[in-house]
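Biologist: Before we discuss the binding sites, please show me the model and explain the terms as you use them.

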Amino acid sequence: MFPFDEQAIGRHQRGEQSVLPTTHPSEQSAGLFALGAPVTHWAVKATQSVSYEIQLCDDVFALDNLTLLEDVTPAGGRPRRLLVVDANVDRLYGARIRAYLEHHDVIHRICVIDSGETAKAMDTTLRIIDALDDFGIDRRREPVIGVGGGVLLDMVGFACGMYRRATPYVRVPTTLIGLVDAAVGIKTGINNNGHKNRLGSYFAADRTLLDRTFLGTLPHRHVSNGLAEVLKIALIKDGRLFELFAQHAGQFVTTRMQHPADAATELLERAIQGMLEELQPNLWEKVLERVVDYGHTFSPTLEMHALPELLHGEAVSVDMALTTVLAERRGLLDAGQRREILAVMAALRLPTWHPLCTPDTLGRALRDTVRHRDGQQRLPLPIGIGSATFVNDVTDAELAEAARALAEARFEVTR
Ligand SMILES: NC(=O)c1ccc[n+]([C@@H]2O[C@H](COP(=O)([O-])OP(=O)(O)OC[C@H]3O[C@@H](n4cnc5c(N)ncnc54)[C@H](O)[C@@H]3O)[C@@H](O)[C@H]2O)c1
Ligand SMILES: [Zn+2]
């Protein structure tokens with residue numbers, strides 16, 4: 001419905017997109033939108049729908065698995081694909097990927113990209129863009145395929161979003177952070193000028209194929225790193241997910257999520273379902289109270305100050321351990337639940353403490369986060385295991401007490 005007089009419609013486009021000359025409200029109610037009325041400025045409003053698919057798909061590059069190529073096959077012609085692949089993934093899986101493409105007679109080029117956060121930069125992104133140019137990509141038929149961890153996928157998404165303003169792409173994550181986090185939402189990004197993910201965009205991949213078998217070669221530490229983000233979902237919204245951790249945490253790490261297979265699959269499904277339930281209604285993060293920010297209040301400062309000692313998930317784990325104790329001190333969970341949570345973190349080989357957990361650093365970390373949450377703490381805290389609330393009244397003194405209590409509690413677990 002247009003909020004103005006029918007006579008004025010000749011001045012605007014009908015439909016989803018509209019360009020509305022706006023006038024003073026009293027003029028609107030007086031019906032002064034007729035042709036010839038003075039226009040002071042134009043307000044443009046348009047909406048764009050976002051849709052994408054995520055699917056579990058074991059062994060993406062098995063010769064008889066056509067899922068990756070099912071998007072478009074030209075009538076009578078050979079399919080063409082540009083793949084952008086992380087260097088370590090290429091070393092481990094490159095021969096298999098090439099055999100797959102050759103078996104299916106795909107005209108292809110593989111652009112291999114250096115691994116690591118230092119490569120997650122503009123010059124590498126421009127290399128990807130050059131590869132798109134050189135390949136002469138047909139945007140309607142030839143989605144770019146990104147194969148790698150969160151670093152690679154964030155860069156491929158950013159490059160594709162910029163290339164001719166939107167070039168479709170498919171994500172094949174190969175790390176656990178990629179499977180449960182980086183490849184699930186629509187954010188892309190690169191580091192710039194010393195800041196993490198300072199440049200980026202919201203640009204969804206058409207499809208994401210989640211292949212757990214890649215985790216079979218992932219270093220154990222990176223498995224634990226990804227499981228920290230899954231534990232986050234368990235603590236704030238999924239008690240059953242926590243049960244899976246309580247039963248199998250150690251085995252998930254040692255077998256790199258390959259065994260027990262049923263439990264590992266259920267864990268992935270629940271983690272992704274939980275993540276999407278939170279992301280979908282808030283894809284552009286306009287709402288600042290996000291339970292998925294649990295573990296992400298103090299961790300950005302800890303991670304940055306401890307660099308390169310702590311991986312992201314490890315810093316998140318320290319944050320979750322601290323806020324678990326803080327929640328216990330507020331009576332939101334009991335000592336038994338706190339012990340269970342810290343025991344799972346230990347079984348996952350995740351840290352529950354860091355020397356940077358000083359009152360001074362924690363206070364600064366909280367103030368920094370408040371700046372990013374539009375002036376309020378909006379601190380998610382667990383209620384028991386599997387539910388959460390937000391608080392805005394944490395004091396420096398309370399933080400200092402929680403840090404002291406955590407320093408004692410962690411010995412209960414490791415003893
Ligand atoms: N866009 C988002 O919403 C989002 C969400 C979470 C994280 N991220 C980003 O993701 C990045 C972290 O992702 P990550 O933890 O996957 O790191 P990563 O991409 O650097 O991968 C970690 C290491 O594992 C190697 N590797 C990848 N797959 C492998 C495999 N199957 N076997 C053996 N080695 C393998 C990589 O070469 C790298 O050395 C960060 O830059 C973060 O900002 C983005
Ligand atoms: Zn995170």
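Modeller: Helices (H or I, at least four residues) and strands (E, at least two) are DSSP runs, numbered from the N terminus. This is a predicted model, in which local features need pLDDT of at least 70, side-chain atom pairs count only at pLDDT 80 or more, and totals for chains, interfaces and linings use all residues. Residues are numbered from 1 along each chain as its sequence is written, chains are lettered from A and ligands numbered from 1 in the order in which they are written, and side-chain values use heavy atoms, with hydrogens and water left out.

Biologist: Which element gives the largest share of the shell around ligand 1?

Modeller: Helix α2 does, with four residues.

Biologist: What makes Glu229, His296 and His312 donors of the zinc ion (ligand 2)?

Modeller: Donors are N, O and S atoms within 2.8 Å of the metal (3.2 Å for Na, K and Ca); water is not among the atoms, so sites may look incomplete. Glu229 (OE), His296 (NE2) and His312 (NE2) coordinate the zinc ion at 1.9 to 2.1 Å. Glutamate 229 lies in helix α6 (residues 220-237) and histidine 312 in helix α10 (residues 312-329), so this pair ties together parts 83 residues apart in sequence.

Biologist: Why does glutamate 229 count as buried?

Modeller: Buried means under 20% relative accessible area, exposed over 50%, and partly exposed in between (1.4 Å probe, protein chains only). Glutamate 229 has 2% relative accessibility and therefore counts as buried, whereas histidine 312, at 24%, counts as partly exposed.

Biologist: What makes the pair between threonine 174 and ligand 1 a polar contact?

Modeller: A polar contact is a pair of N or O atoms within 3.5 Å; within protein, one must be able to donate a hydrogen and the other to accept it, and residues adjacent in sequence count only if both atoms are side-chain atoms. A polar side-chain atom of threonine 174 lies 2.8 Å from a nitrogen atom of ligand 1.
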